[in-house]
Every structure is written in structure tokens, then in C-alpha cells.
Amino acid sequence: MRYKLTFVVGLALGYVIGTRAGRERYEQLRRTARDLSQNPSVRNAAESAAHTGREVAEKAMHAVSGKVGDRMPDSVAERVRSLRERGHGGQDEWGTSNT
């Protein structure tokens, strides 16, 4: 899904940069992109994907930390602890909840 979205965004950007349609067409594309990004179903899909990503990352972290154990350098262990503490609570940097 990410690669398809990247392709579409690249295609639109290339069209905007390469087009000779002028400012009117550019503004039309900009309005369409803004409307799409503000669409509730698109926002819900993005939040759902973020939530799934956090779940997968947490499972991976538990699997790796179980195998690595005490072999991790103290500096890395401290960084992981600080990131884990910072990540708990309210909203992430995208304004979505961590629930």
C-alpha cells in the first residue's frame, strides 16, 4: 500500500512540475489533495495503519529483547528505555492516539 501511495504521489508531483496547464490546474490538484487528506475514511485508514505498525513494532521489540537480553550495551539499553517512556501517553507526533 505504501509503495502504491508513493507512486501516486510521485506521479502527481511529476505532473504538477512538468505540466504546462498553469496555476489553475496546480490549484485544482492542490485542493483535491487537501480534500483527500481531510477525508475521514482516509484519516481513519492512516490511524489504523499507524496503530498496526506500533503493535508490530512492539511485538518485534519483545521478540528481540528476549533473545538479546543483557548482551545489549548500556547506552543502547538506556536509549530504548527513554524512548519507551517517552512513547507512553496521549498522542504521537501525527496527532493520533496510541490506543
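Reader: How much area does the protein expose, and what share of it do carbon and sulfur atoms supply?

Author: Good place to start! Keep in mind that this is a predicted model. The protein exposes about 8800 Å². Of that area, the share supplied by carbon and sulfur atoms is 59%.

Reader: What percentage of the residues are buried?

Author: To count as buried, a residue needs under 20% relative accessible area. The protein has 99 residues, and the buried ones make up 3%.

Reader: Which pattern does the protein follow along the sequence?

Author: Let's look at the elements. There are 4 helices and 0 strands. Read along the sequence, that gives the pattern α-α-α-α.

Reader: Is Leu11 buried or exposed?

Author: Leu11 sits in helix 1, which covers residues 2-18. Together with Phe7 and Val8, Leu11 makes a nonpolar surface patch of about 330 Å². The cut-off for exposed is over 50% relative accessible area. Because its relative accessibility is 54%, Leu11 counts as exposed.

Reader: Which residue forms a salt bridge with Arg30?

Author: Happy to show you! Arg30 lies in helix 2 (residues 23-37), and its partner lies 3 residues apart in that helix, about one turn. Arg30 is partly exposed at 46% relative accessible area, and the partner is partly exposed at 22%. The closest N and O atoms are 3.8 Å apart, and the partner is Glu27.

Reader: What is the N to O distance in the salt bridge of Arg34 and Asp35?

Author: The whole structure has 2 salt bridges. Arg34 is partly exposed at 42% relative accessibility, and Asp35 is partly exposed at 45%. Their side chains meet in a salt bridge with an N to O distance of 3.9 Å.

Methods: Residues numbered from 1 in each chain as written. Predicted model: local features only at pLDDT ≥ 70, side-chain atom pairs only at ≥ 80, totals over all residues. Heavy atoms only, no water. Patch = residues over 30% accessible without salt bridge, like charges linked within 9 Å, V, L, I, M, F, W, Y side chains within 5 Å. Areas by Shrake-Rupley, 256 points an atom, 1.4 Å probe, with all protein chains shown as cover. Salt bridge = Lys/Arg side-chain N within 4 Å of Asp/Glu carboxyl O. Helix = DSSP H or I, 4+ residues; strand = E, 2+ residues; numbered from the N terminus. Buried < 20%, exposed > 50% of the residue type's maximum accessible area, 1.4 Å probe, protein only.
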